[in-house]
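Here is a set of questions and answers on one chain. Take a look at the model before reading on.

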Amino acid sequence: MPSPSTVRLSKLLSLMLRHRPDEFGIEVDERGFADLDGVVEALSKKDDGIGEDDVVAVVDGTEKKRFEIVEGKIRARYGHSFKVDLGLDPAEPPEALYKGVSSREVKITLDHGLKPFDRQYVHLSFDPDVASQLGRGGNAVIRVSAKDAHDAGVAFFDCGPTMLTELVPPEFLSLEREAPPHPGRSDSRRPSRPSGPPPAAPTYPERAPAEGKQKYGRRRKFGRR
């Protein structure tokens, strides 16, 4: 199991390279790369115990391969909340892929399709158990008929531990697994479903093209330890 310091460093790198490089005074290019020396210097301001060897260890040591270093530059390989060109070519997916969602998102997802929320792409897992672990707050699993979707023109991008796509229409989705009961909560303790019409489905506005300064995503700050 990774040490807490390794976990914290991975989270700092994710925040910096996926979401808020501006908070660290870091510039990323159109492919998502930032200067490695600049990244190490910025991280050391958050924790003066962090050095380049620590960053390289996180890049090389994680099974999920979240980051990569190329010719003195570092980037997140996926998971961005701002627009980057990852330089990936469309790839043929397996017959099925999987997405973990909260129990409250199941019906809306099946009715309206899979779309990114605060990310550039939808992230899909090769294994339903992995998708269940990654689901947000409920761990139901949606099955994506990925081969059929691909044949119908949906583009998928292979990014190692995950496959990326911009949209999966509802006709290619089905419920693979319902969310497990909440630990320690019996059915009798669950709140009843309110009467009246169901809530309206969320809307997904089109992303406007960037003009001028890059707009970044999630705002989350880490203080000095």
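Q: Which residues does Ala146 contact, leaving aside neighbours within four places in sequence?
A: This is a predicted model. Ala146 belongs to helix α6. Its relative accessible area is 0%, under the 20% limit, so Ala146 is buried. Beyond its sequence neighbours, Ala146 is in contact with Pro93, Pro94, Glu95, Ala96, Leu97 and Phe156.

Q: How far apart in space are Ala146 and Tyr98, C-alpha to C-alpha?
A: In sequence, 48 residues separate Ala146 and Tyr98. In space, their C-alpha atoms are apart by 9.0 Å.

Q: How many helices and strands are there in the chain?
A: The chain has 225 residues, and 39% of them count as buried. Its secondary structure comprises six helices and nine strands.

Q: What share of the contacts between residues at least 6 apart in sequence join residues at least 24 apart?
A: Contact here means heavy atoms within 4.5 Å. Take the contacts between residues at least 6 apart in sequence. The share joining residues at least 24 apart is 77%.

Q: What part of the area that the chain exposes do carbon and sulfur atoms supply?
A: The chain exposes about 13,700 Å². Of this area, carbon and sulfur atoms supply 49%.

Q: In what order do the three strands of the open sheet lie?
A: The pairing is antiparallel. Two strands, β4 (97-101) and β9, pair on one side only, which makes them the edge strands. The twist averages 35 degrees from one strand to the next. The order is β4-β6-β9.

Q: Which residue in β6 stands opposite Leu97?
A: Strand β6 covers residues 140-144 and runs antiparallel to β4. Five bridges join these two strands. Opposite Leu97 stands Val144.

Q: Is Phe67 buried or exposed?
A: Phe67 lies in strand β2, residues 67-70. Its relative accessible area is 3%. Buried means under 20%, so Phe67 is buried.

Q: Which residues does Phe67 touch, not counting those up to four places away in sequence?
A: Leu17 is 50 residues from Phe67 in sequence, yet their C-alpha atoms are 8.9 Å apart. Leu17 is also one of the residues that Phe67 touches. The full set is Ser10, Leu13, Ser14, Leu17, Val58, Val59, Arg75, Ala76 and Arg77.

Q: Which residues does Ser10 touch, not counting those up to four places away in sequence?
A: Ser10 lies in helix α1, residues 4-19. At 13% relative accessibility, Ser10 counts as buried. Ser10 touches Val58, Arg66 and Phe67.

Q: Which residues are buried in helix α3?
A: Helix α3 spans residues 52-61. Seen down the axis, its buried residues fall within an arc of 95 degrees, so they line one face of the helix. The face turned away from that side carries the exposed residues Asp53, Asp60 and Gly61. The buried ones are Val55, Val58 and Val59.

Q: How many residues apart are Arg177 and Asp129?
A: Their side chains meet in a salt bridge, 3.0 Å from N to O. The pair links distant parts of the chain, with Arg177 in strand β9 (residues 173-177) and Asp129 in helix α5 (residues 128-134). Arg177 is partly exposed at 30% relative accessible area, and Asp129 is partly exposed at 41%. Their separation in sequence is 48 residues.

Q: Why are Asp151 and Lys147 separated by about one helical turn?
A: Their side chains meet in a salt bridge at 3.2 Å, N to O. Lys147 is partly exposed, with a relative accessible area of 27%. The separation is about one helical turn because, in helix α6 (residues 146-151), the two are apart by four residues.

Q: Which residues are linked with Arg20 in a network of salt bridges?
A: Side chains of opposite charge can pair when their charged atoms come close. Arg20 counts as buried, at 6% relative accessibility. The closest N and O atoms of Arg20 and Glu23 are 3.5 Å apart, and the two form a salt bridge. The residues linked with Arg20 in the network are Asp22 and Glu23.

Q: What does the count of salt bridges come to?
A: The rule needs a side-chain nitrogen of Lys or Arg within 4 Å of a carboxyl oxygen of Asp or Glu. By this rule, the number of salt bridges is nine.

Note on methods
Residues are numbered from 1 along each chain as its sequence is written. This is a predicted model: local features need pLDDT of at least 70, side-chain atom pairs count only at pLDDT 80 or more; totals for chains, interfaces and linings use all residues. Side-chain values use heavy atoms; hydrogens and water are left out. Buried means under 20% relative accessible area, exposed over 50%, partly exposed in between (1.4 Å probe, protein chains only). Accessible areas come from the Shrake-Rupley method with a 1.4 Å probe; for residues, only the protein chains shown count as cover. Two strands pair if DSSP finds at least two bridges between them. Axes are lines fitted to C-alpha atoms, for helices over the stretch in contact, and angles run from 0 to 180 degrees between N-to-C directions. The arc is that of the directions from the helix axis to the C-beta atoms.
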